[in-house]
Amino acid sequence: MEQGIEYRQQVIEEYKQTVMPLLNYLPWFEQNGGRSAATIYGDQNIAEHSVTFPVYSGTLMNFVREATKTSLMEKNYAYVYTRNHIRNHDDERKLIAKADWRDWDLLRGILSKYVLGGRTKAVLWNEAVQEDIFYLVLKRMKEIIEFWDKPVEVE
């Protein structure tokens, strides 16, 4: 029994060290949830002679860069989706809400879909902000850590 508690404490500490840098973005995701994190560059009637393109928020891009560097990224995130029968945003939200410390890989998979998938399909970054996916995953990770450890200070 004691070994199980020590193991869980060690795992939670690892989780905490990994997710701490990303928790600084939590207030931004909370504030910008449901809104677009991109603007379409089309100043000076560029659309008449060229293709318009999205310009993403600097904060969002910093988050993506920082998240990519962490061990939270799961390259096989598609497997997480098939294994858990995730088909839409409602499925993601339900699983995020029910996740506990043993479901960390599920949270990693959902986060990875939007961070890594956004590299080839950038609309996923904006979708994750609009659908509150980044916010919900980070918030749930923070709640899991705080449940088993102590409160986490977010700047």
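The following exchange concerns aromatic pairs and one helix packing in a predicted model.

Author: Local features need pLDDT of at least 70 and side-chain atom pairs pLDDT 80 or more, while totals for chains, interfaces and linings use all residues. Residues are numbered from 1 along each chain as its sequence is written, and side-chain values use heavy atoms, leaving out hydrogens and water.

Reader: Why is the pair of Y25 and F63 called edge-to-face?

Author: Rings of Phe, Tyr and Trp (its six-membered ring) pair if their centres lie within 6.5 Å, and planes under 30 degrees apart count as stacked, over 60 as edge-to-face and the rest as tilted. The centres of Y25 and F63 are 5.4 Å apart and their planes stand at 70°, so the pair is edge-to-face.

Reader: What makes Y25 and F63 count as buried or exposed?

Author: Buried means under 20% relative accessible area, exposed over 50%, and partly exposed in between (1.4 Å probe, protein chains only). Y25 has 12%, so Y25 is buried; F63 has 0%, so F63 is buried.

Reader: How do you know that W28 and F29 form an aromatic pair, and of which kind?

Author: Their centres are 5.2 Å apart and the angle between the planes is 75°, which makes the pair edge-to-face. W28 and F29 are both buried. Ring pairs join Y25, W28, F29, F63, Y114 and F134 in a cluster.

Reader: What describes the packing of helix 5 with helix 6?

Author: Helix 5 (residues 89–98) and helix 6 (residues 104–117) pack at about 145°, with axes 10 Å apart. The axes are lines fitted to C-alpha atoms over the stretch in contact, and angles run from 0 to 180 degrees between N-to-C directions. Helices (H or I, at least four residues) are DSSP runs, numbered from the N terminus.

How values were computed:
Helices (H or I, at least four residues) and strands (E, at least two) are DSSP runs, numbered from the N terminus.
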